[in-house]
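Please open the structure in your viewer and keep the sequence beside it, since each stop on this tour asks you to select something and then look at what is there.

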Amino acid sequence: MPNHSATRESEISLAELRGDCARMAPHWVVPAKPAPAPVAPSLIHGVTVPAASARLIDAMSEYGD
């Protein structure tokens, strides 16, 4: 049983595919999400960093310079 759709699909050129996508793009509009409000530094508390992690981050500046 021949599969004609696979044959046609493999013959689609890149230009045809880009044209199809350009025509469909207006249908894929995503509503804009509001940006999250920044958090005041005074509200950030209770964060603890293990000593090993702090040493790791502190040593990273040696590699970035």
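Begin with the whole chain in cartoon view, where the order of elements along the sequence reads α-α-α, with 3 helices and 0 strands in the chain. Bear in mind throughout that this is a predicted model.

Next, switch on the surface for the entire chain: the accessible surface comes to about 6,600 Å², and carbon and sulfur atoms account for 65% of it. Of the 65 residues, 2% count as buried.

Now select helix α2, residues 14-24, and show the side chains of Asp20 and Arg23. Which residue forms a salt bridge with Asp20? The partner is Arg23, and the closest N and O atoms of the pair lie 2.3 Å apart. Because Asp20 and Arg23 are 3 residues apart in helix α2, about one helical turn separates them. Side chains of opposite charge can pair when their charged atoms come close. Asp20 is partly exposed, at a relative accessible area of 36%, while Arg23 counts as exposed, at 56%. The structure holds 1 salt bridge, so, with the cut-off of 4 Å between a side-chain nitrogen of Lys or Arg and a carboxyl oxygen of Asp or Glu, this pair is the one to display.

Finally, move to the loop between α2 (14-24) and α3 (51-64), and select Ile44, which is placed there. Is Ile44 buried or exposed? With a relative accessible area of 54%, Ile44 is exposed, because the cut-off for that class is over 50%. Extend the selection to Val39, Leu43, Val47 and Val49, and you will see the residues that, along with Ile44, make a nonpolar surface patch of about 520 Å².

How values were computed. Residues numbered from 1 in each chain as written. Predicted model: local features only at pLDDT ≥ 70, side-chain atom pairs only at ≥ 80, totals over all residues. Heavy atoms only, no water. Patch = residues over 30% accessible without salt bridge, like charges linked within 9 Å, V, L, I, M, F, W, Y side chains within 5 Å. Areas by Shrake-Rupley, 256 points an atom, 1.4 Å probe, with all protein chains shown as cover. Helix = DSSP H or I, 4+ residues; strand = E, 2+ residues; numbered from the N terminus. Buried < 20%, exposed > 50% of the residue type's maximum accessible area, 1.4 Å probe, protein only.
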